[in-house]
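I set out to record what I looked up in this structure, entry by entry. The sequence and the coordinates come first.

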Amino acid sequence: MSGNVSIVFDPYKDNSVPNLTLPVISANLVLVSHEHDDHNAREKVITPLSYVDIKYESIDIPHDNQGGKLRGKNKAHIIYLNNLKIVHLGDIGCMPDENAIEKLKDTDVLLAPINGFYTLGADKIKELSDIIKPKLLIPMHYYKDYNNSGYKDDNQFEQFKKIYPNVKIVRTDEIVIEDCLNENISEIAFY
């Protein structure tokens, strides 16, 4: 959410992600990276909250390392909002090609999955992050052992913390991106 703008990425159907349910929510825009149940519950989002012209583009990056043959297609979404470039990688399953990498450069906020089985793992996200150099990296799609939620993932969050030892861990559902950038926080995780 930014000011009066709310964007929902990849809403999930009830019981599609272990131990997580999503209430019906309102937003100005809902974006879906692919058509798996844990990413495509558009019916859980009431839109539009109000009409807001939000500039965005989508780029195709496969959901697996075989061009989408295993898990299908995936779209990364690039949002341009309040002078920020925000990228949500969806369930990216392979390193992007050179054209996609060029579009991902100069990102302010990168929302990146680190599951390691259904998506790239923490090590590959580090490799991608080193190339595109986001100002703020937010991991997603990882298992949370304290409440047994999400897909099991071979301790990818622990690996992420080893790769990024200065990650700021927050126990809230909301952050103010501008505050993180002003405080020079380069990695923040919801846990």
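The entries below concern a predicted model and take the sheet, the core, the cysteines and the salt bridges in turn.

**Entry 1: the sheet**

I began with the strand order. The sheet is open and has five strands, arranged β5-β6-β7-β8-β9 with mixed pairing. I then asked which strands stand at the edges. They are β5 (55-60) and β9 (136-140); each has a single partner strand, so one side of each is left without a neighbour in the sheet. From one strand to the next, the twist averages 15°.

**Entry 2: strand pairs**

I followed the pairing inward from β5. Six bridges link β5 with β6 (residues 75-81) in the antiparallel sense. Within β6, I79 is the bridge partner of Y56. I79 also stands opposite I86 in β7, and β6 and β7 run antiparallel, joined by five bridges. I noted that β6 and β7 form a hairpin with two residues between them. In that turn, N82 has a positive phi of about 50°.

The sense changes at the next pair that I checked: β7 and β8 (residues 109-113) run parallel and are joined by three bridges. Here H88 has L111 in β8 as its bridge partner.

**Entry 3: burial of β7**

How many residues of β7 are buried? I found five of the five in β7 (residues 84-88) buried, so the strand is largely enclosed by the rest of the structure. L84, I86 and H88 point one way from β7, while K85 and V87 point the other way. The buried set thus includes the lysine K85 and the histidine H88.

**Entry 4: the nonpolar core**

I looked up the largest nonpolar core, which has 48 residues. The members that touch the most other members are I7, I61, L89, L104 and L136. In soluble globular proteins, nonpolar side chains tend to be buried together.

I then listed the contacts of L136, leaving aside residues up to four places away in sequence. Among them are V109 and L110, as well as I177, C180, L181, I185 and I188. The contacts of L136 also include D108, S186 and E187.

**Entry 5: cysteines**

I searched the whole structure for disulfides and found zero. I also checked two cysteines for burial. C94 is buried at a relative accessible area of 15%, and C180 is buried at 5%.

**Entry 6: salt bridges**

I counted nine salt bridges in the structure and examined three of them. Side chains of opposite charge can pair when their charged atoms come close.

D14 and K44 form a salt bridge through their side chains, at 3.2 Å from N to O. D14 lies in the loop between β1 (7-9) and β2 (25-26), and K44 in the loop between β3 (29-31) and β4 (45-46), so the pair ties together parts 30 residues apart in sequence. D14 is partly exposed at 41% relative accessibility, whereas K44 is buried at 12%.

The second salt bridge joins K124 and E127, with 3.3 Å between the closest N and O atoms. Both residues lie in helix α2 (residues 122-132), three residues apart, about one turn of the helix. K124 is partly exposed at 34%, and E127 is partly exposed at 36%.

The third joins K161 and E158, whose closest N and O atoms are 3.1 Å apart. About one helical turn separates K161 and E158, because they are three residues apart in helix α3 (residues 156-163). K161 is partly exposed at 26%, and E158 is partly exposed at 36%.

Key:
Residues numbered from 1 in each chain as written. Predicted model: local features only at pLDDT ≥ 70, side-chain atom pairs only at ≥ 80, totals over all residues. Heavy atoms only, no water. Disulfide = S-S within 2.5 Å. Buried < 20%, exposed > 50% of the residue type's maximum accessible area, 1.4 Å probe, protein only. Pairing = 2+ DSSP bridges. Helix = DSSP H or I, 4+ residues; strand = E, 2+ residues; numbered from the N terminus. Axes fitted to C-alpha atoms, helices over the stretch in contact; angles between N-to-C directions. Salt bridge = Lys/Arg side-chain N within 4 Å of Asp/Glu carboxyl O. Core = buried A, V, L, I, M, F, W, Y, C linked by side-chain atoms within 4.5 Å. Contact = heavy atoms within 4.5 Å.
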